[in-house]
Amino acid sequence: MKKFLISAAVAAIMTGAAYAQTEFYVVQDTSTKKCTIVDKKPTTTTTVVVGDGKVFKSRTAAETGMKTMKVCAN
């Protein structure tokens, strides 16, 4: 029983870590005006999250979303 509980706890931790990695943001560098996709919410003042801070669940979804954002069309 003890081994089962330890295994379940390890599985829950690993699932949580994998879930945390599924966030993508479209950001724009304020100096170059170039948009990129990042997997962590930026904390610097040289980039801004575009698309009203929308969080994407996959890189592909972020790429598709970036194509529809006016500030990233250039």
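**Exercise 1.** Does S31 count as buried or exposed? Locate the residue and describe its surroundings.

*Solution.* The model is predicted, so its local features need pLDDT of at least 70, side-chain atom pairs count only at pLDDT 80 or more, and totals for chains, interfaces and linings use all residues. Residues are numbered from 1 along each chain as its sequence is written, and side-chain values use heavy atoms, with hydrogens and water left out.

Step 1. The relative accessibility of S31 is 63%, so the residue counts as exposed (buried is under 20% relative accessible area, exposed over 50%, partly exposed in between, with a 1.4 Å probe and protein chains only).

Step 2. S31 sits in the loop between β1 and β2. Strands (E, at least two residues) and helices (H or I, at least four) are DSSP runs, numbered from the N terminus.

Step 3. A polar contact of 2.7 Å links the side chains of S31 and D29. Such a contact is a pair of N or O atoms within 3.5 Å; within protein, one must be able to donate a hydrogen and the other to accept it, and residues adjacent in sequence count only if both atoms are side-chain atoms.

Step 4. From S31 to T46 the C-alpha to C-alpha separation is 7.2 Å, with their positions 15 residues apart in sequence.

**Exercise 2.** Describe the sheet and the helix that packs on it.

*Solution.* Step 1. The strand order is β2-β1-β3 in an open sheet of 3 strands, with antiparallel pairing. Two strands pair if DSSP finds at least two bridges between them.

Step 2. Because β2 and β3 (47-49) each have a single partner strand, they stand at the edges, and one side of each lacks a neighbour in the sheet.

Step 3. On average, neighbouring strands are turned by 35° against each other, direction ignored. Axes are lines fitted to C-alpha atoms, for helices over the stretch in contact, and angles run from 0 to 180 degrees between N-to-C directions.

Step 4. Helix α2 (residues 59-68) packs on the sheet and touches β1 and β2, where contact means heavy atoms within 4.5 Å. The direction of α2 makes about 160° with that of β2.

**Exercise 3.** Which residue in β3 is the bridge partner of Q28? Trace the link from Q28 to K33.

*Solution.* Step 1. Q28 belongs to strand β1, and its bridge partner in β3 is V48.

Step 2. With a relative accessible area of 12%, Q28 is buried.

Step 3. A polar atom of the Q28 side chain lies 3.2 Å from the backbone oxygen of K33.

Step 4. K33 is in the loop between β1 (25-29) and β2 (35-38). Its phi is near 65°, a positive value in a residue other than glycine.
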